[in-house]
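Please look over the sequence and the model below before reading on. The paragraphs that follow go from the overall fold to the domains, then to the core and the ligand.

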Amino acid sequence: MGDPMNPTEYDHDHLQEAARRHLWMHFTRMSSYQDHEVPVMVRGEGPWVYDSRGRRYLDGLSGLFVVQVGHGRRELAEAASRQASELAYFPLWSYAHPNAIQLSERLATLAPGDLNRVFFTTGGGEAVETAWKMARQYFRATGSPGRYKVLSRNIAYHGTTMGALSITGLPDIKAAYEPLVPGSVRVANTNFYRAREFAPEVADDLEAFGLWAARDIEQRILMEGPESVAAVFLEPVQNAGGCFPPPPGYFQEVRRICDRYGVLLVSDEVICAFGRLGAWFGALRYDYQPDMITCAKGLTSGYSPLGAVLVSDRIMEPFLDGSATLLHGFTFGGHPVSTAVALANLDLFEKEHLVDGVAARSDAFRAVLEDLRDLPIVGDVRGDGYFFGIELVKDRDTRETFSDDESERLLRGFLSGALFDAGLICRADDRGDPVIQLAPPLICEQEHFDLIGQVLRQVLSEAWNQF
Ligand SMILES: Cc1ncc(COP(=O)(O)O)c(C=O)c1O
């Protein structure tokens, strides 16, 4: 199929034909590739990726919020190769291997508080699925067998397996698979920009809005009956909907509410951990103590698949007793190669001070995006660290959004393709209101921010003129 280092050697026509005939892409409207080329990426270097035609793109989404240290890092490829030669595979079912042990120790050291126990999975959805099962079994073991429900926020994405999909708050991606797992309930999200539509009484005061959103969780717990609620799953910054940061005081109030009603707080950090917000974990960034953290993606920077659930000593305690067993696992969870890559990845983070670097450069990135606010289509710019969303509107003053049809024409019909053609990979998303999302590799600097700003200005201006 050609030399990946020399993209001109790819047989484009054959790849296109075979992709159309055989490959089922994820979350992809397959019909759209009948008359469009399938983008085929073949190589990466730093923040750049190259397609099979040799065109270069700035990877403004780190693949899929994954490639924290950038592409083409030999250290990680070599760590994988060394481990595959030494011991390619052994399961964590009753056995252990050194990388899994060392990585669990290292994660426990980095994590907030007493999250000292680590259960490995192969990705984020499995980590979410696992955390729900752990919560349910924990309550059975501690005399509250009626606690099985979970709360999560409107429009939040938590994965696609049946349990994780049940926790997800996006009705459109659930509908085809109903009935899902019972006992999953929605609460308000922290979309302050739209607060006047659903919480007008606090729409002008961010802190009051944060308390209102936290208390929506309390009301839900009371409505469901506290004795039936196991956990609440929250991302530090909610991704779907376009990067909703937590208002000041929100997580502290949620923690108090969880403690009051004996509900576990699960911080779903599949995107937000490993430097994405300028801290090792989102919970550290916003100073709250979860009972569990789910993570994946940036843990290996994507050089090999891995996810994890970090669990507090309190939740672990009943599982250390007598015959108690979490009857749950994955053949490839905590794979030796993936855990070797994760250790080498964390070494790179430390050597290159990536987490502090994001904290130091985040304001400069934000400033470039804020500068786009003079464009009439830009309604809001929000986010944190290297994780931002730009909400697009029809009318900046009234905040009127696009209709479904307009959004379809704007995002799928124009923006996604135009941004890609202009050499920027980012996400044009309308799972909530239409947004452009950016989450570049953590090695990005001013020159990359500037390029992102230039491409967005050009393409968003064109979009405004066309619609
Ligand atoms: C917050 C959150 N949870 C869970 C998942 C699911 O992770 P995965 O795709 O690795 O299963 C994602 C994926 O983007 C996510 O953003």
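**From fold to ligand shell**

The protein has 16 helices and 15 strands, and the model that shows them is a predicted one. Taken along the principal axes, its C-alpha atoms fill a box of roughly 60 × 60 × 45 Å. A compact globule of 467 residues would have a radius of gyration near 23 Å, and the protein, with 22 Å, agrees with that expectation. Of these 467 residues, 47% count as buried. Among contacts between residues at least 6 apart in sequence, 72% join residues at least 24 apart.

The chain is divided into two domains, of which domain 1 is made of two segments, 7–69 and 353–466, while domain 2 covers 76–351. Their C-alpha centres lie 26 Å apart. Where the two domains are in contact, domain 1 contributes 29 residues and domain 2 contributes 25 residues. On the domain 1 side of this contact, at least two residues each are supplied by helix H2 (62–65), helix H14 (354–370) and the strands E11 (378–384), E12 (387–392) and E15 (435–438). Sorted by class, that side of domain 1 has 14 nonpolar, nine polar and six charged residues.

What, then, is found in the largest nonpolar core? This core has 124 residues, and those with the most contacts inside it are Ala231, Val232, Ala308 and Leu310. Helix H5 gives the most to the core, with eight residues. Because domain 1 and domain 2 both give residues to this core, it lies between them. In soluble globular proteins, nonpolar side chains tend to be buried together. Leu310 offers a local view of the packing: leaving aside residues up to four places away in sequence, Leu310 touches Leu107, Ala111, Leu115, Val118, Met292 and Ile293.

The ligand brings helix H5 back into the account. Which residues are the closest to the ligand? The ligand is surrounded by 13 residues, and the closest are Gly123, Gly124, Gly125, Gly159 and Val270. Helix H5, which spans residues 124–141, gives the most to this shell, with three residues. The shell divides by class into five nonpolar, six polar and two charged residues. Helix H5 therefore gives the most both to the largest nonpolar core, which lies between the two domains, and to the shell around the ligand.

Note on methods: Residues numbered from 1 in each chain as written. Predicted model: local features only at pLDDT ≥ 70, side-chain atom pairs only at ≥ 80, totals over all residues. Domains from an automatic or database assignment. Contact = placed C-beta atoms within 7 Å. Helix = DSSP H or I, 4+ residues; strand = E, 2+ residues; numbered from the N terminus. Nonpolar A, V, L, I, M, F, W, Y, C, P; charged D, E, K, R; others polar. Near = placed C-beta within 6 Å. Rg over C-alpha atoms; globule rule 2.2 N^0.38 Å. Buried ≥ 20, exposed ≤ 12 C-beta atoms within 10 Å, placed from the backbone. Core = buried A, V, L, I, M, F, W, Y, C linked by C-beta atoms within 7 Å.
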